[in-house]
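Trainee: Could you take me through the nonpolar interior of this protein, and then place that picture in the fold around it? I would love one connected walk-through.

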Amino acid sequence: MTTAPERAFVVGVDSGGSGLRVALARPGQGPAGEGREIVETVSSREPVRTGAGGIDAGHLLGQLLPAVDAMTARAGGGSLLAVAVGAAGMATLGDRLRAELPGAIERAWGVRRLALAADAVTAYAGALGQRPGAVVAGGTGLVAIGTDLCGWRRADGWGHLLGDCGSGAWIGRAGLEAAMRAYDGRRGGSAALLARAEERFGPAAGLPGALYPRTDRPAVLASFAPEVAVCAAAGDAVAAGVLERAAAHIAEAAAAVVPSGPGREVALTGGLFMMGEPLLGPLRAEFGALLPGVREVPAAGDPLAGAVTIAAALADGSLLLPEDPRLLQLAR
């Protein structure tokens, strides 16, 4: 383990569908970067573009480089020891980032210690740090990831058409289906969800025309998930059933990735779990049935904190999280 100079920093990056966040931090002197201090965080609401070649490395660098230069200057100057970039889609769309970022960052800052991670990995590091366990990251989509510190296991995260089961988009779509069933007079409908849907989107008959042309359909679907929770809390059995099925899907994803052995832990992170007891109650029951002996623990931090954790550990040589060509690639 190496000791960082007094005026040395690490950089953590969280790139997702809602924009880009960048943190400048002092790496800390304890094991695995313990005692690190966030100096400043900046954010942009402009998401990094994705095209035919995957995530646009040039667009990311165009936001990242000036932001870090400005933060370093405001901190009084200093050297950068390591950078960790967590990006949504890194596993399948990150080829340009893997090809272009190491050289660009070394040229800009002289930094050779770089970690390129899937956002699920930075979510894991933010929630559990560098100890074995499993994390479910839930928002518009949903992915579960686990490690025994020898390798990674991932479940779901396949998008709203092929998976993301139990996610905000999944819950919202199921709630809107129940609303349309009520509109038609079919079994499984919910008058309460129909009323909420028409209040939010207008007359039910016009919902397909309002929804299908949207390019942000997953986010629009997810925007209805809190309405499902409200109806479930008010006693609507159909809405409660939607959340019970969502809880089963979430627990199944966690069970697929949690490592074996004693002292196992699982953490939940992301806005999905702010829906509260209507979802968390059924989820605790499913965890008890599918994950006996596994302890649910609170997430310590978010994906940006996870990127900083990885960068700090990379800087002092204490990184324990396993490398993976798609999920966590290191340049030293």
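Mentor: Happy to; we begin with the cores, step out to the whole chain, and finish with two loop residues.

Keep in mind that this is a predicted model. The largest nonpolar core has 64 residues, and V11, L101 and V121 are the members that touch the most others in it. Among the elements that feed this core, helix α13, residues 303-316, gives the most, with eight residues. L101 is a good place to pause. Leaving aside residues up to four places away in sequence, L101 touches A57, L60, L61, V85, R96, L114 and L116. Apart from this core there is a second, separate one of 47 residues, and its members include A134, L194, A204 and A239. As background, nonpolar side chains in soluble globular proteins tend to be buried together.

Now let us step back to the fold that holds these cores. The protein is built from 13 helices and 13 strands. Of its 332 residues, 50% are buried. Contacts that reach along the sequence matter for your picture too: among contacts with a separation of 6 or more, 67% join residues 24 or more positions apart. As for overall dimensions, the C-alpha atoms fill a box of roughly 70 × 45 × 30 Å along the principal axes. The radius of gyration is 21 Å, which agrees with the value near 20 Å for a compact globule of 332 residues.

The outside is worth a look as well. About 14500 Å² of the protein is exposed, and carbon and sulfur atoms supply 54% of that area. There are 29 positive and 32 negative charges, and the mean positions of the two sets lie 2 Å apart.

Finally, two loop residues deserve your attention for their backbone. L149, in the loop between β9 (142-147) and β10 (152-156), has a positive phi near 75° without being a glycine. D164 is found in the loop between α5 (159-162) and α6 (168-184), and its phi is also positive, about 55°, although D164 is not a glycine. How do they sit with respect to the surface, buried or partly exposed? L149 has 25% relative accessibility, so it counts as partly exposed. D164 has a relative accessible area of 9%, so this aspartate is buried.

Technical notes. Residues numbered from 1 in each chain as written. Predicted model: local features only at pLDDT ≥ 70, side-chain atom pairs only at ≥ 80, totals over all residues. Heavy atoms only, no water. Core = buried A, V, L, I, M, F, W, Y, C linked by side-chain atoms within 4.5 Å. Buried < 20%, exposed > 50% of the residue type's maximum accessible area, 1.4 Å probe, protein only. Helix = DSSP H or I, 4+ residues; strand = E, 2+ residues; numbered from the N terminus. Contact = heavy atoms within 4.5 Å. Rg over C-alpha atoms; globule rule 2.2 N^0.38 Å. Areas by Shrake-Rupley, 256 points an atom, 1.4 Å probe, with all protein chains shown as cover. Lys, Arg positive; Asp, Glu negative; His and termini not counted. Charge placed at Lys NZ, Arg CZ, Asp CG, Glu CD.
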